Structures are given as structure tokens and as C-alpha cells.
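Here's a quick briefing on some backbone oddities and one helix. Have the sequence and the fold open as you read.

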Amino acid sequence: MHEAGAIELTRHKVLPLKGKDGKLSPKALEAFLSDFALDENKAHTVQPGMVYLSQPTEYGSLYSKAELTTISELCKKHQLLLFVDGARLAYALAAPENDLSLPDLAKLCDVFYIGGTKCGAMFGEAVVIPDAGRLPHFFTSIKQHGALLSKGWLLGLQFDELFRDELYLHIGEKANAYAREIKAALKDAGLPLFGDYPTNQVLFVISHEKMEQLKKQAQYAYMERYDENSSVIRFCTSWSTREEDVKKCCEIIRGL
């Protein structure tokens, strides 16, 4: 459903698997692949070809190195590619709970990308293909889809600066700290978290009445209905979030 169905628009079917805290569990993946292998009619079904994960997830949770290693081994066993979406990767790398490094991602993934747009760059992401032979015509594919920048060096310059003095590894620290402040304000206001995740995304449960009040004072992302009278919404901090904005946000929350 996300990105307006862009993946399926390219004639690739999305096969969603159940997970927890926004993460695909190795156990669920193994069960699905084992069942698929046993199905004598599998030639008539959609053929799994790639596992798509996000680090951090849409909830702000993190895959551990052990979890990603297990998933990577399952992918190799079943001849699947492993892709990790790193749109918010800077916030994962800056979380004290994180134990996955960029070299780890390069070792375990077939393709991953280092997010720029949401992590301090003006635009663009850096796609990393550790083994170029995996996608030998990637440059050509970019051009065929109208996505080749004639001034691509502008994109590259941004990552030169983001990697200078390990800035990218630390640029998300402030955002993660601000998220913790917002969580504290939610606790004071009696608004329960929808999972306590270590990065820059804050998901919480709010009554529809209070949600309407909040809408008049702040912007948030609607996530899902929680029950008949309440829903789950999300605040996201970022590398550019200002202290005064966080203080104002916390005041609004405590005043609901």
C-alpha cells in the first residue's frame, strides 16, 4: 500500500508476512519459505524473489545483527536477494541499542541504501551494491526509468560531506534524544506508547477526541485505528528538529 503501490506497478507482487513491532521475524520467513518449497503446485503461484526490510522500520524499531544474519542466511539458502531500505538509516546508526554497522550491512545484504533525504541531504539516496555482478546493468536500468541525473555529482557531494568525520554516524543522535523527550511528555499526559522504539519515531495511542484537539496545534502521521474510540498516530523528529519545537510539542501534549 505504501508509495502508492509503486512496487506492484513494476509488475512485482508484494507478499506480506506477519511480524512484530514492524519487523519480519526470521521464524515467520523460514516457515513461509519451507511451506513454499513443499507445495507441489508452487509453479502456479507467485515466486518469491527478494526479501525487503527497513532499518529502522516504519515503527522505529531495529533489526539486530543476529536477526539480520539469520535472515541473510535464509535468503542465501533459498536463493533470494536481500534488500534493506535505509531511508532513516542515520537514526538507526545513532541509536545506542543498535549493533549493525555499515560494513555489516554490506556483508549481509545484496543491496541496501543509505538514506539522504530524511537524514540531512537536500535530496537523494546512496544505493549500495556490494557485489556489482548482482546487478550488472543497474546504471542502464536507472536511465531506462528516467531516473538518471545529468548532474549526479551534486548528489555525490552531499554524501562526501555526510561521511566526513563520521557525521552520518552521529547526525541522528539529537533526533533520537528529542524523541525520548516527547515520549516522556506522553507518559506525563497518560497517553500510552504503541511500543517503545529507540529511534526518531514516536508512536502512541490517543482518543479520537484528543486527536481532534491535537490536529489544531500540531502535525502528525496517522498510522492505524487502535479500537473503537482511539487510534495510533506518530511524531517523527529529525536531524533538523529544533529544541524550541520539541518543548512546544511537549507543552501541547501535556495540555491535552
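What follows covers unusual backbone spots first and then the helix.

This is a predicted model, where local features need pLDDT of at least 70, side-chain atom pairs count only at pLDDT 80 or more, and totals for chains, interfaces and linings use all residues. Residues are numbered from 1 along each chain as its sequence is written, and side-chain values use heavy atoms, leaving out hydrogens and water.

**Backbone oddities**

- Most residues other than glycine have a negative phi, and most peptide bonds are trans.
- Gln 55 and Pro 56 are joined by a cis peptide bond, with omega at about -5°.
- Pro 56 sits in the loop between strand 3 (50–54) and helix 3 (65–77); helices (H or I, at least four residues) and strands (E, at least two) are DSSP runs, numbered from the N terminus.
- Arg 11 isn't a glycine, yet its phi is positive, about 70°.
- You'll find Arg 11 in the loop between helix 1 (6–9) and strand 1 (19–20).
- Asp 21 also isn't a glycine, and its phi is positive, near 60°.
- Asp 21 belongs to the loop between strand 1 and strand 2 (23–24).

**Exposure at the positive-phi spots**

- Arg 11 has 79% relative accessibility, so it counts as exposed; that means over 50% relative accessible area, with buried under 20% and partly exposed in between (1.4 Å probe, protein chains only).
- Asp 21 has 33% relative accessibility, so it counts as partly exposed.

**Helix 7**

- In helix 7 (residues 153–162), the buried residues are Leu 155, Gln 158, Phe 159 and Leu 162.
- They cover an arc of only 95° around the axis, so they lie on the same side of helix 7; the arc is that of the directions from the helix axis to the C-beta atoms.
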